[in-house]
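Here is a short briefing to read alongside the structure. Keep the viewer open and follow the points in turn.

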Amino acid sequence: MTSYALGLDYGSDSVRALLVDTANGQEVATTVVPYKRWNQGLYSEPAKNQFRQHPLDYLEGVEQAVQGLWEEAPAGAAQQVVGISFDTTGSTPVPVDSEGVALALKPEFAENPNAMFVLWKDHTAIKEAQAITAADEKSEPNYLKYEGGIYSSEWFWAKAWHVMKADPAVAEAAYSWVEHCDWMPAILTGTTHPSKFRAGRCAAGHKVMWHESWGGYPPNDFFTGLDPVLDGLRDRLPAETFTSAETVGPLTQEWADKLGLPAGIPVGFGAFDCHMGAVAANVKPGVLTKVMGTSTCDITVATYEDIGDKCIRGICGQVDGSVIPGLVGLEAGQSAFGDLYAWFRNLVNWPVQTLLANSNSLDEATRTKLAEEIEDKTLAALGEAASQIPVGETGITALDWVNGRRTPDADQTLTMAIAGLKMGSEAPQIFRSLVEATAFGARAIIERFKSEGVAINSVVVIGGISKKSDFIMQVCSDVWNCQIDVLESEQSCALGAAIFASTIAGVHPDVAAAQKVMASPVCKSYTPNADNAAVYDRLYQNYQALGAFVEGERK
């Protein structure tokens with residue numbers, strides 16, 4: 001009998017539902033639902049690096065996305081779903097009360113951004129992250145040695161601390177904090193109450209300082225030494241964690257009715273989007289999987305023998321079983337990739353968009369249509385023109401740190417820079433330098449892995465950028481001087497979640513067996529141009545020199 005696995009992928013802007021045939025990996029139906037409040041610009045203040053999302057966006061989104069599948073899927077498919085798994089962005093935590101209710105779902109906090117999910121790219125907690133790193137440098141043991149040695153403002157403890165310092169009402173009401181990838185499975189299984197709540201290995205190990213060797217999290221006095229507002233929080237977090245190949249519990253009748261699914265089917269432990277995307281890409285030792293979106297997340301795995309007692313510096317953690325059980329998952333990434341291109345698109349389009357918005361000679365519908373057409377076509381036009389410029393001809397060097405630097409060596413206080421501009425520097429030349437900057441930033445990650453003894457022999461890429469721009473992908477291949485394979489699946493992260501869903505349902509005995517029949521094939525490959533690669537070796541030195549200058553000036 002045909003059976004289906006349901007993968008749910010929560011990105012920065014929308015939730016995607018994917019229905020997959022467990023026998024062959026065929027993607028039977030998919031839906032994408034934008035977050036209503038987020039896309040209205042509510043609760044976020046980009047100028048302050050504040051990015052918050054309301055839990056209702058997530059709850060309404062999953063209902064709409066899953067119900068939307070049944071309009072596209074074969075008749076009766078809903079009753080043949082055997083398991084559900086989630087992936088989300090992260091670290092994206094939310095404060096919850098003593099009953100496990102997200103504070104923003106309570107009337108008194110419904111419009112308070114501090115009571116909402118703190119999105120991964122919220123960088124309001126830079127000072128708190130620096131303080132955590134400084135405290136850890138004085139501690140024994142070193143509680144950050146498995147998280148790259150530097151704590152980030154994108155991560156759990158810095159965000160929780162910042163919000164509770166800034167908002168005493170939230171601090172008083174917050175019994176605990178929960179990651180988005182753990183909250184969704186708990187919601188669907190009715191296990192949000194602290195007495196029932198259990199946490200996944202992925203978020204806990206990479207962002208919450210969990211490690212088995214110190215019994216869960218650093219001791220309470222480590223956190224009270226930072227601020228009394230953190231007193232007791234670590235003791236209210238589950239000390240035991242679980243891989244995504246394990247089951248949180250059965251789907252409740254309430255949510256089965258909302259989603260149109262059979263009650264009682266298993267719901268798996270969640271993980272971050274990039275980790276599950278790597279599973280869909282057949283990640284293995286020596287292969288780096290790079291999820292290219294607004295930011296990037298880079299995932300590889302290593303055997304216990306290969307990793308040994310190494311603690312890889314400056315990455316986003318190494319966690320046993322965070323990607324695939326039985327292997328150590330390693331994470332890195334860039335805080336801006338597509339976001340850097342979007343920033344430049346908005347910059348060059350500002351005069352036209354402003355003039356259109358204020359035009360009295362056009363009706364509103366026409367203004368809106370023209371504005372959308374210009375926005376949609378800008379990056380493609382820039383890319384086409386930039387691709388015609390010979391490598392090294394622009395004389396422009398740029399950094400990719402427009403949203404700070406995630407890795408190597410997290411530092412969200414860093415800013416981007418552009419050097420070498422002249423009167424003849426036009427938009428395509430500058431855009432080319434930005435594309436090269438993102439490729440150089442990725443190369444820095446690859447070189448850090450290699451210098452720390454982690455093998456990177458090839459790269460597999462996932463995400464919209466990899467499908468939309470031959471120019472960007474070829475630049476990356478030339479800069480990294482290696483082959484790049486692009487996955488066929490348009491929803492790789494959701495596909496990875498579906499692979500785990502089929503595993504917890506018992507359709508396949510383990511993740512490896514599920515991957516053999518469900519993982520995405522490669523649709524396209526890029527190989528480096530030897531001449532361009534040689535030029536980029538020299539230009540990469542310019543990138544490093546500019547980066548060193550900017551870091552030196554900041555200090």
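Strand β14 (residues 286-292) pairs with strand β15 (residues 296-302) in the antiparallel sense, over four bridges. Across this pairing, lysine 290 stands opposite aspartate 298 in β15. Please keep in mind that this is a predicted model.

**The sheet around β14 and β15**

- Both strands belong to an open sheet of seven strands, in the order β16-β17-β15-β14-β20-β21-β22, with mixed pairing.
- At the edges stand β16 (318-320) and β22 (522-526); each has a single partner strand, so one side of each is left without a neighbour in the sheet.
- From one strand to the next, the twist averages 25°.

**Helices on the sheet**

- Helix α9 (residues 273-280) lies across five strands: β14, β15, β17 (328-334), β20 (456-462) and β21 (484-487).
- The direction of α9 runs at about 55° to β15.
- Helix α15 (residues 470-480) also packs on the sheet, where it touches β14, β20, β21 and β22.
- The direction of α15 makes about 55° with that of the edge strand β22.

**The disulfide**

- How many disulfides does a search of the whole structure find? There is one, and it is formed by cysteine 274 and cysteine 297, with their sulfur atoms 2.5 Å apart.
- This pair links distant parts of the chain, 23 residues apart: cysteine 274 sits in helix α9 and cysteine 297 in strand β15.
- The bond thus brings us back to two elements met above, since α9 is a helix that lies across β15.

**α15 against α18**

- Besides touching the sheet, α15 packs with helix α18 (residues 530-554) at an angle of about 70°, and their axes are 7 Å apart.
- That angle falls within the 65 to 115 degrees that count as roughly perpendicular, and α15 and α18 are therefore described as roughly perpendicular to each other.
- The two helices cross in the right-handed sense.
- On the α15 side the contact is made by Val475, Asp478 and Val479, and on the α18 side by Asn532, Ala533 and Tyr536.
- Sorted by class, the residues of this contact are four nonpolar, one polar and one charged.

**α11 against α12**

- Helix α11 (residues 338-357) and helix α12 (residues 364-387) have axes that come within 10 Å and cross at roughly 150°.
- Angles over 145 degrees count as roughly antiparallel, and α11 and α12 are therefore roughly antiparallel to each other.
- Here too the crossing is described as right-handed, with α11 passing α12.
- From α11, the contact draws on Tyr341, Phe344, Arg345, Val348, Asn349, Val352, Gln353, Leu356 and Ala357.
- From α12, the contributors are Arg367, Leu370, Ala371, Ile374, Glu375, Thr378, Leu379 and Leu382.
- By class, the contact of α11 with α12 has 11 nonpolar, three polar and three charged residues.

**Backbone details in loops**

- Which peptide bond involving serine 91 is cis? The one from glycine 90 to serine 91, with omega near 10°; serine 91 lies in the loop between β5 (81-88) and β6 (93-96).
- Glutamate 140 and proline 141 are also joined by a cis peptide bond, with omega about 10°.
- Proline 141 is found in the loop between α2 (126-137) and α3 (156-166).
- Tyrosine 43 has a phi near 75°, a positive value in a residue other than glycine.
- The loop that holds tyrosine 43 runs between β3 (27-34) and β4 (52-53).

Key. Residues numbered from 1 in each chain as written. Predicted model: local features only at pLDDT ≥ 70, side-chain atom pairs only at ≥ 80, totals over all residues. Heavy atoms only, no water. Axes fitted to C-alpha atoms, helices over the stretch in contact; angles between N-to-C directions. Parallel < 35°, antiparallel > 145°, perpendicular 65-115°, else oblique. Left-handed = near helix turned anticlockwise from the far one by under 90°. Contact = heavy atoms within 4.5 Å. Nonpolar A, V, L, I, M, F, W, Y, C, P; charged D, E, K, R; others polar. Pairing = 2+ DSSP bridges. Disulfide = S-S within 2.5 Å.
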